[in-house]
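Q: Please take a close look at one part of this model, the sheet and the side-chain contacts around it. I would like a single connected account, with the cut-offs given for each term.

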Amino acid sequence: MSIHTHDDGSDVILEARDVVKSFGPLKVLDSVSMTVQRQEVVVMIGPSGSGKTTFLRCLNHLERIDSGSVEVLGESVGYKESKGGLVEDTPRVVARRRRKIGFVFQRFNLFPHLSALENVAVAPIKVLGISKDQAREEARELLARVGLSDKEDNRPRALSGGQQQRVAIARALAMKPALMLFDEPTSALDPEMVGEVISVMGELAADGMTMVVVTHEMGFARSAADRLVMFDRGRILEQGPPESLFTNAEHERTRAFLSILGS
């Protein structure tokens, strides 16, 4: 499985610095920083409400940040500096920067009136200006990569949840992102469908895709992650190679959380 991305060759793909985000009086992110290197797979864990999904959404400006910065391949995402403060970029600039970032949601968000093939091909045609024939050819290749060559003409309602999520992954890959973000991509699936999505994600990781993943699937974390990041109360509590956290976590909060997950 080959990976084609809009990557400029930089060793640092993502640089988030001191990201702060509040919802009213509640500070959800409290000066969170993270650097992600090329081909690194980072898995974020933590209890509900710890800030991990909000942080993920801030990385591609689905949520506005209050202060700090997010850069992908050295370019700011969502904001520019002006007179010592943050000024939100225009929607056009935000959209252009977002092209480098693929996002796979808990819910699949496929277009119900389009086939699997059309769901994958539509953004490259409309956003990247790729010809319809080329986009459809690349979409077929991507559907093959996620094991759905025989489903290209099916609309979402004719697909299982696992198949829909694999189409969503193919759709994100169609934009040739430098970074893939996954927000609990198996949480909406029946248990028997989880494995097929995790398998595709594992293949992407093995093939060198840079990924930041929010998940409770510790099997994936053990086998595919380079780094496990524990969130708690809007901060990164600790991080390190998965085995070091599984066997020798520094904080009791991390040990307790991992024991709940059955690691």
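A: The account below starts with the strands, then turns to the helix across them and to the charged pairs.

This is a predicted model, in which local features need pLDDT of at least 70 and side-chain atom pairs count only at pLDDT 80 or more, while totals for chains, interfaces and linings use all residues. Residues are numbered from 1 along each chain as its sequence is written, and side-chain values use heavy atoms, with hydrogens and water left out.

The part in question is an open sheet of 4 strands, in the order S2-S1-S4-S5, with antiparallel pairing. Strands here are DSSP runs of E with at least two residues and helices are runs of H or I with at least four, both numbered from the N terminus, and two strands pair if DSSP finds at least two bridges between them. Strands S2 and S5 form the edges, each pairing on one side only. Strands S4 and S5, which run antiparallel, are joined by 2 bridges, and one residue pairing across them is Val72, whose bridge partner in S5 is Glu75.

Helix H1 lies across strands S1 (12–23), S2 and S4, and runs at about 120° to S1. Such an angle is taken between N-to-C directions on a scale from 0 to 180 degrees, with axes fitted as lines to C-alpha atoms, for helices over the stretch in contact, where contact means heavy atoms within 4.5 Å.

A search of the whole structure finds 2 aromatic pairs. In one of them, Phe55 and Phe231 are tilted, at 5.8 Å centre to centre with 40° between the planes. This pair links distant parts of the chain, since Phe55 belongs to helix H1 and Phe231 to strand S11, 176 residues apart. Rings of Phe, Tyr and Trp (its six-membered ring) pair if their centres lie within 6.5 Å, and planes under 30 degrees apart count as stacked, over 60 as edge-to-face and the rest as tilted. Both Phe55 and Phe231 are buried, where buried means under 20% relative accessible area, exposed over 50%, and partly exposed in between (1.4 Å probe, protein chains only).

Strand S11 (residues 227–232) is in turn joined to S12 by 5 bridges, and the two run antiparallel, with Val229 having Gln239 in S12 as its bridge partner. S11 and S12 form a hairpin with 2 residues between them, and Arg233 in the turn has a positive phi of about 55°. Most residues other than glycine have a negative phi.

Charged side chains also connect this hairpin to the sheet. Across the whole structure, a search finds 16 salt bridges, each being a side-chain nitrogen of Lys or Arg within 4 Å of a carboxyl oxygen of Asp or Glu. One of them joins the side chains of Asp30 and Arg235, at 3.1 Å from N to O. It links distant parts of the chain, with Asp30 in strand S2 (residues 26–37) and Arg235 in strand S12 (residues 235–240), 205 residues apart. Asp30 is buried, with a relative accessible area of 19%, whereas Arg235 is partly exposed at 45%.

At the other edge strand, the side chains of Lys100 and Glu75 meet in a salt bridge of 2.4 Å, N to O. Because Lys100 lies in the loop between helix H2 (91–98) and strand S8 (101–104), while Glu75 is in strand S5 (residues 75–76), the pair ties together parts that are 25 residues apart in sequence. Salt bridges that share partners join Glu75, Asp89, Arg97 and Lys100 into one network. Of the pair itself, Lys100 is buried, with a relative accessible area of 15%, and Glu75 is partly exposed, with 32%.

A further salt bridge, between the side chains of Glu88 and Arg64, has an N to O distance of 3.0 Å. Glu88 lies in strand S7 (residues 85–88) and Arg64 in the loop between helix H1 (52–59) and strand S4 (67–72), so the pair ties together parts that are 24 residues apart in sequence. Glu88 counts as partly exposed, at 33% relative accessibility.

Taken together, the edge strands S2 and S5 each contribute an acidic partner, Asp30 from S2 and Glu75 from S5, while the helix across the sheet supplies Phe55 to the pair with Phe231.
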